[in-house]
Amino acid sequence: MDLDDLYRDLHRHPELGFAETRTAAIAARELRAAGFDTTEGIGGTGVAGVLRNGDGPTALLRADMDALPVAERTGLPYASTVVVDRDGHPVPVMHACGHDVHVTCLVGAARELAATRDTWRGTVLAVFQPAEELGGGAQGMVDDGLFDRVGRPDVVLGQHVTPIPAGVIGLRPGPAFAAADTLKVTLHGEGGHGSRPEAAVDPVVMAAATVLRLQAVVSREVSGLDTAVVTVGAINAGTVANTIPDSAELLLSVRSYTPAVRDRVLGAIERIVRAEAVASGATRDPEITFVSGHPAVVNDPDAVARTRVALARVVTDARVVDPGPVTGSEDVGVFATAAGVPLVYWLLGGADPAAFAGATSLGTLREMATGLPANHSPHYAPVISPTLEIGVAALVSAARTWLPVTAG
């Protein structure tokens with residue numbers, strides 16, 4: 001199957017985190033066909049393939065596989081219509097973050113590296129990771145003995161498609177993607193009849209006050225020289241209009257780049273949640289539960305400089321740009337930290353270049369990208385070409401830089 005068709009197939013058949021059985025089977029099939037020694041079921045549905053080609057270092061190339069609980073609205077002929085049962089409810093599923101691009105590009109890179117063994121020496125370790133969106137996929141593979149099973153890398157390489165022009169690569173040394181923390185806050189009230197609120201403690205009002213107050217954490221408690229994001233992504237309370245419920249639940253997403261800012265933001269969230277509960281007359285303390293989290297993606301500066309040369313060979317030097325800090329998050333850094341090796345993770349342009357006609361600077365590119373559907377949007381749809389070709393070439397060129405023919 002050619003890569004365009006493989007991508008369309010993956011896009012039509014998205015799977016949620018830790019349920020990527022079909023996608024994992026395809027990845028394993030493709031790795032074996034390319035000659036990789038392949039191991040399945042690592043950390044759940046993770047797949048890793050090893051291709052040894054003489055003495056030399058080991059480069060880990062990573063792609064995440066999971067999709068999102070989003071109803072697709074792209075109108076594409078290969079759009080997802082998948083609906084799964086989740087906790088007794090029908091949930092639509094879509095590759096709204098572009099992980100189908102990542103899988104396809106890594107398959108293409110595995111094929112290319114296997115077919116051109118005279119251009120590199122060492123070992124290629126291709127890792128297809130589950131559950132990036134849930135925040136536990138990379139750690140799950142590490143905890144399940146990934147490196148004991150397939151060997152330890154000397155560098156971790158990867159990419160994430162994003163709505164910048166296809167043909168542009170974003171690469172940044174140091175902190176590149178934010179750390180992410182997901183919290184669940186349960187606010188306890190006293191239920192009652194909607195006609196007699198004075199006889200109840202309304203957790204809906206408590207939740208509303210809490211959400212509004214949380215908006216001041218970043219604007220008033222984080223320095224303008226630092227970066228943080230606090231988002232309340234879900235509020236759940238009550239079932240009918242005339243009954244005050246007993247409790248309300250908030251789901252929070254927190255992004256930061258440094259431990260000091262992270263600690264300050266999380267401390268402010270806890271203080272505000274507890275203070276609003278007291279202010280509302282709650283008779284029970286709120287519960288703040290840490291759901292998941294992963295650290296910031298920190299690219300090794302020396303490794304970035306080395307890899308940048310390889311990426312520039314693919315798209316030209318002028319098209320490898322520093323995108324600035326990305327407030328999105330990734331758990332790819334878990335692999336590098338666990339192995340004690342450098343990480344290089346870059347942004348792969350996936351938007352139609354025609355949408356950026358007239359752009360003359362990085363600032364202009366950012367402004368134009370703001371108006372396009374972005375990752376996690378039900379309208380997000382990377383262009384197939386030249387995104388896939390460049391994504392494959394970027395992985396291959398980066399790997400060859402770390403696996404030179406003179407190695408050993």
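These are my notes from going through a predicted model, one feature at a time.

**Helix α2.** I started with α2, which runs over residues 21-33. The helix has 13 residues and spans 18 Å from first C-alpha to last, close to the 18 Å expected at 1.5 Å a residue. Next I looked up what is buried in α2: Thr23, Ala24, Ile26, Ala27, Ala28, Glu30 and Leu31. Glu30 caught my eye in that list, being a charged residue that is buried. The cover over the buried residues of α2 includes two helices, α1 (3-12) and α3 (99-115), along with the strands β1 (37-42), β2 (46-53) and β6 (122-129). After α2 comes Gly35, and its phi is positive, near 100°.

**Ala24.** I picked one residue of α2 to follow up, Ala24. Is Ala24 buried or exposed? Its relative accessibility is 6%, so Ala24 counts as buried, the cut-off being under 20%. Leaving out residues up to four places away in sequence, I found Ala24 touching Thr45, Val47 and Met65. I also checked a long-range pair: Ala24 and Glu198 are 174 residues apart along the chain, and their C-alpha atoms are separated by 55 Å.

**The sheet.** Then I traced an open sheet of eight strands with mixed pairing, in the order β1-β2-β6-β3-β7-β18-β8-β16. Its edge strands are β1 and β16 (320-321), each pairing on one side only. I looked at one pairing in detail: β8 (residues 169-170) runs antiparallel to β18 (residues 343-351), over two bridges. Ile169 has Leu348 of β18 as its bridge partner.

**Second largest pocket.** I get a volume of about 400 Å³ here. The lining has 13 residues, with Leu16, Pro69, Arg86, Val91 and Leu134 lying nearest the centre. Sorted by type, the lining comes out as seven nonpolar, two polar and four charged.

**Backbone oddities.** Which residues does the cis peptide bond join? They are Ser385 and Pro386, with omega about 10°. Pro386 sits in the loop between α11 (362-370) and α12 (387-402). His376 is in the loop between α11 and α12 too, and its phi is positive, near 80°, in a residue other than glycine. With 40% relative accessibility, His376 counts as partly exposed. I noted a positive phi for Thr316 as well, near 85° and again not in a glycine. Thr316 lies in the loop between α9 (301-315) and β16, and at 46% relative accessibility it counts as partly exposed.

Key:
Residues numbered from 1 in each chain as written. Predicted model: local features only at pLDDT ≥ 70, side-chain atom pairs only at ≥ 80, totals over all residues. Heavy atoms only, no water. 1 Å grid on protein atoms, 1.4 Å probe; cavity = no way out; pocket = protein on both sides within 12 Å on 5 of 7 lines; lining within 4 Å. Points joined across faces, edges and corners; volume = space filled by probe spheres on them. Helix = DSSP H or I, 4+ residues; strand = E, 2+ residues; numbered from the N terminus. Expected span 1.5 Å × (residues − 1). Buried < 20%, exposed > 50% of the residue type's maximum accessible area, 1.4 Å probe, protein only. Contact = heavy atoms within 4.5 Å. Pairing = 2+ DSSP bridges.
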